[in-house]
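Subject: Structure handover

Hello,

Here is the structure you asked about. My notes on what was found in it follow below.

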Amino acid sequence: MNDQDSEGKQGPADQPIAESRPAEPGGSEQRQRLSVARPMREIRAPADRILPPMGRVGAFFQLLVVMGVWLGLLLWAKSAPPETVPPVEKRGYLIYVSVLIQGLLALGLIAGTLWVSGQSWRTIGFTWRKTLGHEAGWAALGLMAVYGILLLSGVALMFLPEEYVNQIVQERKELFETFPAIPFAAVATVMMFVGIYEEVLFRGLILTRLRLLLGDWRGNWATAVVLSSALFGVLHLYEGYVAVVQIALVSLVFSVLFIYRGSLIAPILAHAAFNTINMTLAFNEDLQKFLQDYQPAQTILAILLGG
């Protein structure tokens with residue numbers, strides 16, 4: 001080996017020693033240490049990308065605060081003495097006001113929990129993946145899946161005794177009669193708000209935090225979907241046992257749409273459109289008169305409005 005080659009190569013002892021500096025706040029060294037402390041979770045679905053870097057304790061805390069307070073206040077309101085609750089025919093627009101209060105309470109609790117945890121709304125799905133038209137297309141697919149499932153459930157109900165089916169139809173009619181008719185613009189506005197707050201609460205917070213609570217295993221999303229959908233259905237028990245099953249299936253569709261898109265935009269659009277269509281059909285007097293003497297059509301409509 002000649003002298004020129006030996007001069008051009010340095011041994012380990014000849015290598016320059018990098019200057020050791022303390023890590024600066026927010027610097028790359030600090031981020032590297034954080035990444036070691038909190039390893040990147042495996043990405044199995046687009047919704048995994050929005051999950052915050054938090055453990056089971058943090059997820060349980062958020063679920064406990066939001067659901068505990070929200071459900072506690074709802075149960076407290078429903079436990080009011082019967083003499084203080086106005087009859088159905090006198091409630092009027094108060095029922096819409098109560099829906100708005102429930103939604104604002106849920107959104108307020110979620111906002112406070114995210115703020116205390118130092119998390120953004122993106123961690124519950126408020127993020128855009130494509131254009132609004134693209135998300136609307138996915139929402140339309142989800143809406144078709146929802147009505148397809150409801151139609152299949154209606155076919156299954158046809159095998160039940162006629163008296164039971166008639167009872168379901170009557171219960172649905174009485175339920176929608178508790179909502180006073182309002183202009184279409186008002187219906188769409190209220191139903192959009194309901195779609196927003198229910199998707200933010202049940203898909204954005206409950207579904208994602210259940211996923212974090214269950215940890216990193218292959219069936220975490222499926223289990224979280226089943227649990228959150230069952231809860232969503234049970235909270236509609238006032239509509240009847242059949243409606244609980246139907247609404248749980250509707251929730252399952254919205255949950256899958258959310259997981260696949262990794263965003264709440266498409267589920268919110270689908271949910272709002274679903275509610276708006278149902279309320280509009282229920283308030284359509286011409287349609288009701290047309291179906292008055294045609295029992296099978298009334299049955300199918302009542303089943304499709306089950307969510």
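Does Val116 count as buried or exposed, and what is its relative accessibility? Val116 counts as exposed because its relative accessibility is 56%, and the cut-off for that label is over 50%. Please keep in mind throughout that this is a predicted model.

Surface patch

Val116 belongs to helix 5, which covers residues 94-117. Together with Phe61 and Trp115, Val116 makes a nonpolar surface patch of about 400 Å².

The chain as a whole

The chain has 307 residues, and 41% of them count as buried. Its secondary structure consists of 13 helices and zero strands, so the pattern along the sequence is written with α alone, as α-α-α-α-α-α-α-α-α-α-α-α-α. The exposed area of the chain is about 17,900 Å², of which carbon and sulfur atoms supply 66%. Taking the contacts between residues at least 6 apart in sequence, 79% join residues at least 24 apart.

Salt bridges

Four salt bridges turn up in a search of the whole structure. I describe some of them here.

One of the four links the side chains of Asp48 and Arg211, with an N to O distance of 3.1 Å. Asp48 sits in the loop between helix 2 (28-37) and helix 3 (56-78), while Arg211 is in helix 8, so this pair ties together parts of the chain that are 163 residues apart in sequence. Asp48 and Arg211 are both buried.

Arg211 also forms a salt bridge with Asp216, where the closest N and O atoms are 3.0 Å apart. The two ends of that bridge sit in opposite settings: Arg211 is buried, at a relative accessible area of 1%, whereas Asp216 is exposed, at 52%. Through shared partners, the salt bridges join Asp48, Arg211 and Asp216 into one network.

Another salt bridge is formed by the side chains of Arg203 and Glu199, at 2.6 Å from N to O. Arg203 and Glu199 are separated by about one helical turn, because they are four residues apart in helix 8. Arg203 is buried, with a relative accessible area of 0%, and Glu199 is buried with a relative accessible area of 0% as well.

Glu198

Which side chain of opposite charge is nearest to Glu198, and how far away is it? It is Arg203, at 5.8 Å. A salt bridge needs the nitrogen and the carboxyl oxygen within 4 Å, so Glu198 has no salt bridge, although it is buried. Glu198 is found in helix 8, which runs over residues 184-214.

What does the side chain of Glu198 join in a polar contact? The partner is the side chain of His271, and the contact is 3.0 Å. With neighbours within four places in sequence left aside, the residues in contact with Glu198 are Arg203, Phe232, His236 and His271. Arg203 is thus on the contact list of Glu198, while the salt bridge of Arg203 described above is with Glu199.

If you want somewhere to begin in the viewer, Glu198 and its polar contact with His271, followed by the network of Asp48, Arg211 and Asp216, will take you through the points above.

Regards

How values were computed:
Residues numbered from 1 in each chain as written. Predicted model: local features only at pLDDT ≥ 70, side-chain atom pairs only at ≥ 80, totals over all residues. Heavy atoms only, no water. Helix = DSSP H or I, 4+ residues; strand = E, 2+ residues; numbered from the N terminus. Buried < 20%, exposed > 50% of the residue type's maximum accessible area, 1.4 Å probe, protein only. Lys, Arg positive; Asp, Glu negative; His and termini not counted. Polar contact = N/O pair within 3.5 Å; in protein donor to acceptor, adjacent residues only side chain to side chain. Contact = heavy atoms within 4.5 Å. Patch = residues over 30% accessible without salt bridge, like charges linked within 9 Å, V, L, I, M, F, W, Y side chains within 5 Å. Areas by Shrake-Rupley, 256 points an atom, 1.4 Å probe, with all protein chains shown as cover.
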